[in-house]
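I opened this notebook to keep track of what I looked up, one topic at a time. The entries follow the order in which I went through the coordinates.

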Amino acid sequence: MANQADQIFVLLKHWIVSIFPAVVQPYLGVVLSVVAIIAVFPGLFALTTVIERKGLGRMQNRIGPNRTGPYGILQPIADGIKSLTKEDIIPTSADAVVHFIAPLVLVVAVFMGFAVLPMGRNMQLVDMDAGLLFFFAIGASTELSIFMAGWSSRNKYSLLGAMRAVAQMISYEVPLLMSSVAIVMITGSLSLVKIVDAQNQYTWGLPHWYIFTPWGFAAFVMFCIAATAETNRSPFDLPEGESELVAGYFTEYSGFKFALFFLGEYLGMFSISGLGTTLFLGGWSAPLQVLNFVPSWIWFFAKVMLSIVVLIWIRGTLPRLRQDQLMNFAWKFVLPMTLLNLFVAAIWRFMGEGLLRWIVCSAILIGVYVIVGTIGMRRKKFGPRTYRYAE
Amino acid sequence: MNVVFWILAVITILGGLTAVTLKNTVHCALALTVAFAGLALLFLELDAQFAGFAQILVYIGAVAILVVFAILLTRGSEMPSEGVFSRTWFAGLLIAAGVFSVLAWAVLHSTAALPHESNVPAVDVRQIGHALMGRYVLPLEIVALLLTSAMLGAVIVAMHEKGEQK
Amino acid sequence: MTPLDGYLLVAALVFAIGLAGALTRRNAILVLIGIELMLNAANLNLVAFWRYGPHPELLTGMMFAVFSIAVAAAEAAVGLGLVIAIYRHARTTDLDEINRMKG
């Protein structure tokens, strides 16, 4: 019974596919999975917009939207109708073709990233041998669409926002990749399905998730920092900061194209949360062995929504980082720490089972972090303030 | 030869053609990205998945952005005063046509020497890892050194000299 | 025409297009774009011969192509750095104007 609830979507798909003749069956299977992804994730996106606005409102000591439906639940419908019926304004001097294509490229690239995430037992769209590499390759293509959006608007604020966004995304691409390489090294495979299977084992009822190891925890922290920067979320949202650059690279977009950009950004958040869940939090495996009767896809989506709530929480709490501060942080702190993390993961692997490897690895990581932190803060002399006036 | 190959070939060749003939430099860079994507898909068609994904990650994710940034930093998006093709364009075109004809003749007339089609090689990433750390470990280390020196060189070449005005 | 012939012809055509671009355009960056197209065509050649040649289990062709991708990225970075440095000095990227060795 529990197995049936777990595999309900897979069984449903097989049943629907078996009705049709054999010649269309492979294509129909793929089309059904794609339709499921396209239906579920924008639905989650609608739910997330409500959660974000209500959550941010409560954190800022105000109520969020509460007029459309109970607790503002129908707000996404109102937003959708507004976006679809707004006039589509293109500036006269804008580059029409590139202006049109930019949101399409973003949305297509982001949707392709969902193809390799295992959303439940046997519930991935494709089980690629190099699945993680595919995900990162597709993620790297989104930077180009942001640049296209900013450049085609012929607006200096858009261009500035786009260049800042691309510089930030490139800087944080490397720590994102390096923190995932530690996982790949320990698992021995780039396939996301195998990574989840490796974490699906239990010792004394506790799971083998990679976040519960010293190097995994450090890698998870760095992955979170890099993921927040990759999706241009606060505290790294200088490219789209509303008080800085109007709306950054999508200043000149209105109506449906703006909705597409918004969708692309939130879906990017979902896909990278999904990846973080798969790599570090065990994907679809349950936290305790006794809880295995709950279907696997519920665990996956629960973990993803938890990550989204944490991202919203961070947005409402931390101030924004300046451009040079965030680039310094990426290149001078996060990247060396990811390299050290790789080293520590290798030590973990070669030391064999036992308590000693926990102590050694934790000591190395915490020790280096404390030392670098104290040395880094020593130069900051908080003396009296100096003022510089414009000439 | 199947339909997929022809579609991808047309995409790649059109991307390449537009990349070298358009007047607006940024449009050329974007057409180059389309050509890169077409080539990556051709690699995937040839069952070289690792090469295809590496092509997307490196070329589209890094080289295309480099080219676009360089165009922006050197004001390439403004229209040049004397046209986009150089004074000696005809000679260049002739040379390219000559090279293509020689290559095409060589390809089409040596069919007897071309090897037969073998079965699909089953390549997984583990084999690639073993190869990189086994047979190709020396090229791997040399490429690491090369990339480091290229990065340092690019930074030094493009850096503002001390005291130079912008 | 075998499939291998098809891939080789496409590679030859892309190579010729890249060569034409490198030889006929004024802007230095477009010359670099042409060079990137030529390198990509060579990579396609390598992978096509790996796939349709003897001993594909040795991975030689694909490894060669991957290393070529890495080297081409490094070369693009240095080349674009050079173009930016020249622009800073000569205020133009037009190759017909930068035709003197004297600065």
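**Entry 1, a pair of crossing helices.** I noted at the outset that the model is predicted. I then turned to helix H10 (residues 256-280) of chain A and helix H11 (residues 296-317) of chain A, whose axes come within 9 Å and cross at roughly 120 degrees. Since angles of 65 to 115 degrees count as roughly perpendicular and those over 145 as roughly antiparallel, I entered H10(A) as oblique to H11(A) because of that crossing angle. I recorded the crossing of H10(A) and H11(A) as right-handed.

Next I listed the residues that make the contact: H10(A) brings A:Met269, A:Phe270, A:Ser273, A:Gly274, A:Gly276 and A:Thr277, while H11(A) brings A:Phe300, A:Lys303, A:Val304, A:Ser307, A:Ile308 and A:Leu311. Sorted by class, the contact of H10(A) with H11(A) holds 6 nonpolar, 5 polar and 1 charged residues.

**Entry 2, a second helix pair.** I looked up helix H7 (residues 156-187) of chain A together with helix H12 (residues 323-351) of chain A, and found that their axes come within 9 Å and cross at roughly 10 degrees. Angles under 35 degrees count as roughly parallel, and H7(A) and H12(A) are therefore roughly parallel to each other. For the class composition of the contact of H7(A) with H12(A), I wrote down 19 nonpolar, 6 polar and 2 charged residues.

**Entry 3, A:Tyr172.** I picked A:Tyr172 because I wanted a residue from one of these helices, and it lies in helix H7 of chain A. Is A:Tyr172 buried or exposed? It has 26 C-beta neighbours inside 10 Å and so counts as buried, the cut-off for that label being 20 or more. Leaving aside residues up to four places away in sequence, I found that A:Tyr172 touches A:Ala226, A:Ala229, A:Glu230 and A:Ala330. I also checked A:Tyr172 against A:Gln325, which is 153 residues apart from it in sequence, and got 13 Å in space from C-alpha to C-alpha.

**Entry 4, A:Phe261.** I went back to helix H10 of chain A, where A:Phe261 has its place. With 22 C-beta neighbours inside 10 Å, A:Phe261 counts as buried. Which residues does A:Phe261 touch, not counting residues up to four places away in sequence? I found A:Pro103, A:Leu106, A:Phe250 and A:Tyr253. As a check on sequence separation, I took A:Phe261 and A:Val105, which are 156 residues apart along the chain, and their C-alpha atoms are separated by 10.0 Å.

**Entry 5, chain A as a whole.** I counted 13 helices and 2 strands in chain A. The radius of gyration of chain A is 23 Å, close to the 21 Å that the globule rule gives for 391 residues, so I entered chain A as being as compact as a globular protein of that length. The C-alpha trace of chain A spans about 70 × 60 × 40 Å along its principal axes. Buried residues account for 41% of the 391 residues in chain A. When I took the contacts in chain A between residues at least 6 apart in sequence, 76% of them joined residues at least 24 apart.

**Entry 6, chain B as a whole.** For chain B I noted 6 helices and 0 strands, with the elements running α-α-α-α-α-α from the N terminus on. Of the 166 residues of chain B, 34% count as buried. Among the contacts in chain B with a separation of 6 or more, 54% are between residues 24 or more positions apart.

**Entry 7, where the chains meet.** Which chains have the most contacts between them, among the 2 pairs that touch? The answer I wrote down is chains B and C. In that pair, 70 residues of chain B are in contact with 63 residues of chain C. On the side of chain B that touches chain C, helix H1 (3-21), H2, H3, helix H4 (89-109), helix H5 (125-133) and helix H6 (137-158) of chain B each supply at least two residues. H3(B) gives the largest share of that side, with 12 residues. By class, the side of chain B that touches chain C divides into 56 nonpolar, 11 polar and 3 charged residues.

The contact of chain B with chain A takes 15 residues from chain B and 17 residues from chain A. Chain A and chain C do not touch, and I recorded 14 Å between their nearest C-alpha atoms.

How values were computed
Residues are numbered from 1 along each chain as its sequence is written. Chains are lettered from A and ligands numbered from 1 in the order in which they are written. This is a predicted model: local features need pLDDT of at least 70, side-chain atom pairs count only at pLDDT 80 or more; totals for chains, interfaces and linings use all residues. Axes are lines fitted to C-alpha atoms, for helices over the stretch in contact, and angles run from 0 to 180 degrees between N-to-C directions. A crossing is left-handed if the near helix is turned anticlockwise from the far one by less than a right angle, and right-handed if clockwise. Two residues are in contact if their C-beta atoms, placed from the backbone, lie within 7 Å. Ala, Val, Leu, Ile, Met, Phe, Trp, Tyr, Cys and Pro count as nonpolar, Asp, Glu, Lys and Arg as charged, and the others, Gly among them, as polar. The radius of gyration is taken over C-alpha atoms; the globule rule is 2.2 Å times the number of residues to the power 0.38. A residue is buried if 20 or more other C-beta atoms lie within 10 Å of its own, exposed if 12 or fewer, and partly exposed in between; C-beta atoms are placed from the backbone.
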